[in-house]
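This report walks through selected side-chain features of one protein model, beginning with charged pairs and moving on to rings, single residues and the surface.

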Amino acid sequence: MKGKSNMKVALCQINIEFENKEYNKKKIMAKVKEAKNNEANLCLFPEMTLTGFGINVELIGEKENKTIDFFRKICIDNNINVGFGWVKKINSSGENHFTIINYKGEIISDYIKIHPFSFSNEDKHYLSGEEIVKCTIDNTKLASFICYDLRFPEIFQCVSNDVDIIIVSANWPQNRSEHWKTLLKARAIENQVYILGVNCVGKIDGLYYSGDSCIIDPNGQVIESIENVEGIIYGIIDLKEIIALRKSFPVKSDRKNQLYNQFMILNILKS
């Protein structure tokens, strides 16, 4: 798996049985096997993969990292890299994680959601992450964010100089699906990176999710997408495309980061 210039990614859009880890594990194993049979290098799942989005940290949160162990075995058995969401229990609170484990069973990325979704009281049950996390698979550099993070473009700008792909793993309901699709495309265009948006689908805990998982190229074009059904979409990440676009249309070189920082400091002082 070394020395490749391109990567084949698989985005698994699934209907998550709410708070039922054992049921969902069977589905995950089948999806990973299917992705491997289709020669994917990286297989991605939605936020809180084995439970769906919930605030019952006492029930779905983990101290023993059993979900990590489950996915570690899958990665080794299938010789594939996998990204998934889970909840870590910290005393009476939780952390909303998106973790990538490589084909050797090693954790290469462990991101904690920076922006808990206050609209649904996630912030009352989950601690905020404070770090942007990057990793490399073969020659491809990645970062990941979770759901509501998509509405905060600053963190995408902070990381996009150093990565080729940004993953957004989510439980994003249908009633805001146009926001999801529009913001994913905007983040790709603004940052000139591949955006991989992987969402759940179906009725979960009283909400309907249309999915709309998609692979978007650095020019904002949707390569593949899927809506309203379970399934896997595949795409090839072409590193040459990123290099060519940034060279022909060097938006990043015109950014005035020092000035933007001054504006932000002034706003903080005024408030």
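Glu-122 and Lys-113 join their side chains in a salt bridge, with 2.8 Å from N to O; a salt bridge here is a side-chain nitrogen of Lys or Arg within 4 Å of a carboxyl oxygen of Asp or Glu. The model is a predicted one, in which local features need pLDDT of at least 70 and side-chain atom pairs count only at pLDDT 80 or more, whereas totals for chains, interfaces and linings use all residues. Residues are numbered from 1 along each chain as its sequence is written, and side-chain values use heavy atoms, with hydrogens and water left out.

**Charged pairs**

Glu-122 is buried, with a relative accessible area of 0%, and Lys-113 is likewise counted as buried, at 1% relative accessibility; buried means under 20% relative accessible area, exposed means over 50%, and partly exposed lies in between, with a 1.4 Å probe and protein chains only. Salt bridges that share partners join Glu-47, Lys-113 and Glu-122 into one network. In the bridge between Lys-113 and Glu-47, the N to O distance is 3.3 Å. Lys-113 sits in the loop between strand S5 (107-112) and strand S6 (134-137) and Glu-47 in the loop between strand S2 (42-44) and helix H2 (57-60), so this pair ties together parts that are 66 residues apart in sequence. Helices (H or I, at least four residues) and strands (E, at least two) are DSSP runs, numbered from the N terminus.

Where do Asp-77 and Lys-73 lie, buried or exposed? Both Asp-77 and Lys-73 are exposed, and their side chains meet in a salt bridge of 2.6 Å, N to O. Asp-77 and Lys-73 are 4 residues apart in helix H3, a separation of about one helical turn. By the rule given above, the count comes to 12 salt bridges.

Asp-164 is buried yet has no salt bridge, and the nearest side chain of opposite charge, that of Arg-246, is 5.9 Å away; for this purpose Lys and Arg count as positive and Asp and Glu as negative, while His and the chain ends are not counted. Asp-164 is placed in the loop between helix H4 (153-160) and strand S8 (165-169). Leaving aside neighbours within four places in sequence, the contacts of Asp-164 (heavy atoms within 4.5 Å) include Asn-139, Lys-141, Tyr-194 and Ile-242.

**Aromatic rings**

The structure holds 9 aromatic pairs. Rings of Phe, Tyr and Trp (its six-membered ring) pair if their centres lie within 6.5 Å, and planes under 30 degrees apart count as stacked, over 60 as edge-to-face and the rest as tilted. Two of these pairs are set out below.

| Pair | Centre to centre | Angle between planes | Class |
|---|---|---|---|
| Phe-71 and Phe-84 | 3.9 Å | 5° | stacked |
| Phe-145 and Phe-156 | 4.7 Å | 50° | tilted |

Phe-71 lies in helix H3 (residues 66-78) and Phe-84 in strand S3 (residues 81-90), so the stacked pair ties together parts that are 13 residues apart in sequence. Both Phe-71 and Phe-84 are buried. Phe-145 belongs to strand S7 (residues 140-146) and Phe-156 to helix H4, so the tilted pair ties together parts that are 11 residues apart in sequence; Phe-145 and Phe-156 are both buried. Ring pairs also link Phe-45, Phe-70, Phe-71 and Phe-84 into a cluster.

**Trp-180**

Trp-180, which lies in helix H5 (residues 177-191), counts as buried at 0% relative accessibility. Not counting residues up to four places away in sequence, Trp-180 touches, among others, Leu-150, Val-168, Trp-172, Val-198 and Asp-212.

**Backbone and surface**

Asp-205 has a positive phi of about 50° although it is not a glycine; Asp-205 is found in the loop between strand S10 (202-204) and strand S11 (207-209) and counts as exposed, at 52% relative accessibility. Asn-228, also not a glycine, has a positive phi of about 65°. The loop between strand S13 (222-227) and strand S14 (231-238) holds Asn-228, which is partly exposed, with a relative accessible area of 36%.
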